[in-house]
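Hi there,

Here is the structure I promised to pass on to you. Have a look at it first, and then read on for what I found.

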Amino acid sequence: GSADVVFNCSSARWYSLERASVVDAGDWAQVAGQTNVPGAVAGTLMLTDTNSPGGERFYRVRVRLP
């Protein structure tokens with residue numbers, strides 16, 4: 001399946017989507033094709049995990065300056 005993560009953003013930042021099967025295990029992995037995505041001028045961004053493996057998944061968004 002797939003999972004969409006929608007959030008407020010800034011066009012002055014870049015965003016990367018990461019996933020893990022356990023929140024506190026520290027094994028966060030970048031979602032392919034969803035790294036260093038520039039923020040949208042409109043102020044809302046959607047990042048999608050198109051290859052979400054089965055089972056429970058947790059997502060987080062990393063933010064950085066370009």
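**An aromatic pair and its surroundings**

The structure, which is a predicted model, holds 1 aromatic pair. The rings of F7 and Y15 sit with their centres 5.3 Å apart and their planes at 55°, so this pair counts as tilted. For a stacked pair the planes would have to be under 30 degrees apart, and for an edge-to-face pair over 60.

Are F7 and Y15 buried or exposed? F7 has a relative accessible area of 16%, so it is buried. Y15 is buried as well, at 5% relative accessibility. The cut-off for buried is under 20%.

**The nonpolar core**

Both ring residues belong to the largest nonpolar core, which has 9 residues: V5, F7, C9, Y15, L17, V31, V37, L45 and L47. Strands β1 (3-8), β2 (14-20) and β5 (44-49) each give two or more residues to this core. As a general point, nonpolar side chains in soluble globular proteins tend to be buried together.

L45 is a good residue to click on. Leaving out residues up to four places away in sequence, L45 touches V5, V6, F7, C9, Y15, V37, P38, G39 and A40.

**A buried glutamate**

Next, please find E18, which is in strand β2. With a relative accessible area of 6%, E18 is buried. Which side chains does E18 join through polar contacts? One partner is R60, with a polar contact of 2.6 Å between the side chains. Another is R62, where the side-chain contact with E18 is 3.0 Å. Among the other residues that E18 touches, again not counting those up to four places away in sequence, are W28, A29, Q30, V31, F58 and Y59.

**Two loop residues**

G26 is in the loop between β2 and β3 (29-30). At 60% relative accessibility, G26 is exposed, because the cut-off for exposed is over 50%. Try tracing the chain from G26 to P38: they are 12 residues apart in sequence, and their C-alpha atoms are 25 Å apart in space.

N36 lies in the loop between β3 and β4 (37-38). N36 is partly exposed, at 38% relative accessibility. What is notable about its backbone is the phi angle of N36, near 55°, a positive value in a residue other than glycine. Most residues other than glycine have a negative phi.

Enjoy exploring, and write back with any questions!

Best wishes

Notes: Residues numbered from 1 in each chain as written. Predicted model: local features only at pLDDT ≥ 70, side-chain atom pairs only at ≥ 80, totals over all residues. Heavy atoms only, no water. Core = buried A, V, L, I, M, F, W, Y, C linked by side-chain atoms within 4.5 Å. Buried < 20%, exposed > 50% of the residue type's maximum accessible area, 1.4 Å probe, protein only. Helix = DSSP H or I, 4+ residues; strand = E, 2+ residues; numbered from the N terminus. Contact = heavy atoms within 4.5 Å. Phe/Tyr/Trp six-rings, centres within 6.5 Å; stacked < 30°, edge-to-face > 60°. Polar contact = N/O pair within 3.5 Å; in protein donor to acceptor, adjacent residues only side chain to side chain.
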